[in-house]
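Biologist: Hey, I've got this model open and I'm not sure where to begin. Can we talk it through?
Modeller: Sure, let's put it up and go piece by piece.

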Amino acid sequence: MSNASPERDGGARERLQRWLPKLVLSPSCVLVLFFVYGFIAWTSYISFSDSGMMPDYTWVGLHQWSRLWTSWTWGIALHNIWVFGLLYIVSCIVLGLILAILLDQRIRAEGVLRTIYLYPMALSFIVTGTAWQWFLNPGLGLEKTMHDLGWQSFSFNWLIDSNMAIYTVVIAAVWQATGFVMAMFLAGLRGIDGEMIKAAQIDGAPAWKIYARIIIPQLRPVFLSAVVVLAHLAIKSFDLIVAMTGGGPGNATAVPATFMYSYAFSRNEMGIAAASAVFMLAVIAALIIPYLYSELREPRS
Amino acid sequence: MSAASPTARRGLATRAVLYAILALFAIVYLMPLYVMLTTSFKTLEEIHQGNMLALPGQWTLDPWREAWGSACIGLECNGVHGYFFNSIKIVVPAVLISGLLGAFNGYVLTKWKFRGHKIVFGLMLFSCFIPFQIILLPMARVLGILHLANSTGGLVLVHIVYGIGFTTLFFRNFYASFPDELVRAAQLDGAGFFTIFFRILLPASVPIIVVTIIWQFTNVWNDFLFGVSFASGDSAPITVALNNLVNSSTGVKAYNVNMAAAMVAAVPTLIVYILAGKYFLRGLMSGSVKG
């Protein structure tokens, strides 16, 4: 570089400077294009192929998809994700909103309480699952504790009851995520314009009415964010179910994510596994893309 | 502000009820952690006889010792300590490299805009939200081809690739509000691409660096799906080891050892959360895109 004539050196440097930004960005672009979008394309193709234990690129049309759709376990998985997702989203939002409103009343220990409500979010789902599995253990956990306290008829065996096991996962999942939803609502509450509230107070409106008519309607964007974030977490949920119930008893707590994993890695049915993964992606994309689009379009300036 | 909160000025009774409800919630939230901790200090005998909520009658460190050094996971009986160090070996390079890439990406996407920068960012952003099931099958094959299957190196690669989206999001949103004038002024003074980044933007980036590191650290440390899919046996991270310990142990279930192992897996992220909760929350909030 230093040997070159000043003029040529300047030109090369300028060209380098012009290309440098794109050069720096390109490794990430290559990685994302290959490992995200290339992989999505590959998995999508596999879902239309004859792949079993090994990839087989013979095109078989909707064969794997129809096998997926007639699978008994997949039916259970879809049913479970509906039940789980709905209860999870609604409970987190209701509890999160209540906690946020309660915390927004000039609470003295707000910082400490917020820290307590939010800490489960820092834990691994595997830790959460391990803890709750123990906490709800039919022989030694909550049930025994209640018996010791004198409530002899208390019975709680949901963890090993096929009809109820999915609800134990809901309980643990809600415990983990409520604090996060609360933080979102709290940030929303702090951003509300106080003028209308003051006006309503002067008019003598009762507190609940002010919340129902003025404050909660203004939190609509937070509701939207919370629903999108929670729904996408629900569809992806895998770890917690593996740790708490292992998808059992039997198949009772199977969800799409555990279904996909078992067909991919233990049953060696790549085609069906790929189809289930594409289905999950499609649902999330339908949810996330419009949301991201509207979020990013908002003017920043 | 809470000053405008309609129930801010209320009677003593109302406030007492309010505090009681909040305290009750706090107890419910702390209960699992409390039970986990106390169980990990009890003897198995006491667990079978005593009450789950009671403090240990006789404190013992044996469950922790066993979980760390001698509990059986699969066929080996060396406890979780090896897997704990696996997780560290995965987390440190994955966090640093994905963070560095994200910082550069955010810098280019805000200060060196080019045609199509929005599309590039959109593609990276969407990659944060994909269900990772969609990449499990091809990734398993690619790691096999690269001879990275069942290695911590393979997991480092996976976490870098799927971390770029979030780290780019954090830095991009942060640099978007960094004044362009400063960058332009430096350019007029003859400062180049890297000089501007290292001398002007990076020194002002401490908060977002902390947010990114905490976010990535928590995510990578807590990962289970990638670990269980791509690393079996000796190279597994702590979460996979914990799950194997708890859910496939044969014979008598050693609940106290399980809880001690769960605490070992939980302590690093809990410490980070307690020390830097503010930054953790900021990451969460940006993770829900509003940024």
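Biologist: Is the crossing of α8(B) past α11(B) left-handed or right-handed?
Modeller: Right-handed, going by how α8(B) passes α11(B). Keep in mind that this is a predicted model.

Biologist: Okay, and at what angle do those two helices cross?
Modeller: Roughly 165°. The helices are α8, residues 164–176 of chain B, and α11, residues 206–222 of chain B, and their axes come within 10 Å. Since angles over 145 degrees count as roughly antiparallel, α8(B) is roughly antiparallel to α11(B) because of that crossing angle.

Biologist: Which residues meet there?
Modeller: From α8(B) you have Phe166(B), Thr167(B), Phe170(B), Phe171(B) and Phe174(B). They meet Ile208(B), Val211(B), Thr212(B), Trp215(B) and Gln216(B) in α11(B). Sorted by class, this contact has seven nonpolar, three polar and no charged residues.

Biologist: Let me zoom out. How many helices and strands does chain B have?
Modeller: Chain B has 14 helices and zero strands. Its C-alpha trace spans about 75 × 70 × 30 Å along the principal axes.

Biologist: And what domains is chain B divided into?
Modeller: Domain 1 covers 10–60 and domain 2 covers 81–287. Taken over C-alpha atoms, their centres are 34 Å apart.

Biologist: How many residues does each domain of chain B put into the contact?
Modeller: Seven residues come from domain 1 of chain B and seven residues from domain 2 of chain B. On the domain 1 side, α1 (12–40) and α2 (44–49) of chain B each supply at least two residues. The largest share of that side is from α1(B), with four residues. By class, the domain 1 side splits into four nonpolar, two polar and one charged.

Biologist: Switching topic: how many residues of chain B are in contact with chain A?
Modeller: 78 residues of chain B, and they touch 86 residues of chain A. Helix α14 of chain B, residues 255–287, gives the most to chain B's side, with 14 residues. That side of chain B has 57 nonpolar, 20 polar and one charged residues.

Biologist: Can you show me one helix pair across the two chains?
Modeller: Take α13 of chain A (residues 270–297) and α6 of chain B (residues 133–145): their axes are 7 Å apart and they pack at an angle of about 140°. That angle makes α13(A) oblique to α6(B).

Biologist: Which residues of α6(B) take part?
Modeller: Gln133(B), Ile134(B) and Leu137(B). Among the residues they meet in α13(A) are Met270(A), Ala273(A), Ala277(A) and Leu281(A). The whole contact of α13(A) with α6(B) has nine nonpolar, one polar and no charged residues.

Biologist: Last thing, chain A. Which residues does UniProt list as "domain: ABC transmembrane type-1"?
Modeller: The unreviewed UniProt entry lists residues 78–293 of chain A under that name. In the model, that span is 73% helix and 0% strand, and its end C-alpha atoms lie 27 Å apart.

Biologist: And where does the "transmembrane region" annotation fall?
Modeller: UniProt's unreviewed entry puts it on several spans of chain A, including 164–189 and 210–235. Residues 164–189 of chain A are 96% helix and 0% strand, with the end C-alpha atoms 36 Å apart. Residues 210–235 of chain A are 96% helix and 0% strand, and there the end C-alpha atoms are 35 Å apart.

Terms used. Residues numbered from 1 in each chain as written. Chains lettered and ligands numbered in written order. Predicted model: local features only at pLDDT ≥ 70, side-chain atom pairs only at ≥ 80, totals over all residues. Contact = placed C-beta atoms within 7 Å. Nonpolar A, V, L, I, M, F, W, Y, C, P; charged D, E, K, R; others polar. Axes fitted to C-alpha atoms, helices over the stretch in contact; angles between N-to-C directions. Parallel < 35°, antiparallel > 145°, perpendicular 65-115°, else oblique. Left-handed = near helix turned anticlockwise from the far one by under 90°. UniProt positions renumbered as here; feature names shortened; annotations may be inferred. Domains from an automatic or database assignment.
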